[in-house]
Amino acid sequence: MHLTIVLRQVLMLLTIVALTYLAAGIGALGSMNAPVFYQQLQQPDWAPPAWLFGPVWTTLYTLMAIAAWLVWRSSKHAQPALWLYFSQLVVNALWSWLFFAWYLGALAFANILLLLALIIVTAISFWRYNKLAGLLLVPYLLWVSFAAVLNFSIWQLNLGML
């Protein structure tokens with residue numbers, strides 16, 4: 001019986017990680033030309049180097065998946081919180097397409113504001129089920145907050161391109 005529970009826990013962790021990284025992959029497809037495009041854009045002095053985004057997002061997606069798994073483990077009634085989680089993943093993946101593939105700076109900014117709202121609601125929801133899960137979303141919230149300011153700044157500096 002115990003082995004079945006452990007196996008189920010591991011399979012769900014792997015499933016949540018896979019779904020989270022699937023969203024990351026969909027976003028990455030929209031960012032295929034990001035390294036070249038990012039260098040062509042006029043950027044604020046405080047913009048991070050392009051190489052930093054990959055390691056940061058890898059870490060954040062891992063923390064996010066663990067948080068979702070902790071919530072799943074916490075309660076059989078956590079489905080609304082998990083739907084919020086997967087909804088914000090869709091919005092997250094869409095941002096890369098809006099900004100890097102379709103060059104829609106204003107829509108990308110509106111998208112990231114929606115993403116911030118969804119992250120806040122998701123983190124609060126996660127906190128109610130599992131305090132650690134809620135805390136694991138804080139770095140994500142902070143990074144996306146920074147990214148929103150960066151998105152706005154780059155959009156304003158490059159109105160002809162975005």
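Trainee: What percentage of the 162 residues in the chain is buried?
Mentor: This is a predicted model, where local features need pLDDT of at least 70, side-chain atom pairs count only at pLDDT 80 or more, and totals for chains, interfaces and linings use all residues. Residues are numbered from 1 along each chain as its sequence is written, and side-chain values use heavy atoms, leaving out hydrogens and water. Buried means under 20% relative accessible area, exposed means over 50%, and partly exposed lies in between (1.4 Å probe, protein chains only). On that scale, the buried share of the chain is 44%.

Trainee: How many helices does the chain have?
Mentor: Helices (H or I, at least four residues) and strands (E, at least two) are DSSP runs, numbered from the N terminus. The chain reads α-α-α-α-α-α-α along its sequence. There are zero strands, and the helices come to seven.

Trainee: What radius of gyration does the chain have?
Mentor: The C-alpha atoms fill a box of roughly 60 × 25 × 25 Å along the principal axes. The radius is taken over C-alpha atoms, and the globule rule is 2.2 Å times the number of residues to the power 0.38. For 162 residues a compact globule would be near 15 Å, and the chain agrees with this at 17 Å.

Trainee: Which helix gives the largest share of the largest nonpolar core?
Mentor: Such a core is a set of buried Ala, Val, Leu, Ile, Met, Phe, Trp, Tyr and Cys residues joined through side-chain atoms within 4.5 Å. Of its 51 residues, Met 64, Phe 99, Phe 126, Tyr 140 and Val 144 touch the most other members. Two or more residues come from each of α1, α2 (34-40), α3 (53-74), α4, α5 (105-129), α6 (131-136) and α7 (138-157). The largest share, 12 residues, is that of α3.

Trainee: Is Gln 88 buried or exposed?
Mentor: Gln 88 sits in helix α4 (residues 79-101). Contact means heavy atoms within 4.5 Å, and beyond four places in sequence Gln 88 contacts Met 64, Leu 115, Leu 118, Ile 119, Thr 122 and Tyr 140. Because its relative accessible area is 1%, Gln 88 counts as buried.

Trainee: What share of the contacts with a separation of 6 or more joins residues 24 or more positions apart?
Mentor: Phe 126 is a good place to start looking at contacts: setting aside residues up to four places away, its partners include Ala 67, Val 71, Leu 82 and Tyr 85. Over the chain, the share asked for is 80%.

Trainee: What distance separates the C-alpha atoms of Ala 50 and Gly 134?
Mentor: Ala 50 lies in the loop between α2 and α3, and beyond four places in sequence it contacts Tyr 38 and Gln 39. Ala 50 and Gly 134 are 84 residues apart along the chain, and their C-alpha atoms are separated by 28 Å.

Trainee: Which residue other than glycine has a positive phi near 55 degrees?
Mentor: Look in the loop between α4 and α5. The residue there is partly exposed, with a relative accessible area of 33%. The residue with that phi is Tyr 103.

Trainee: How much of the accessible surface of the chain belongs to carbon and sulfur atoms?
Mentor: Accessible areas come from the Shrake-Rupley method with a 1.4 Å probe, and for residues only the protein chains shown count as cover. The surface of the chain comes to about 8900 Å², and the carbon and sulfur part is 75%.
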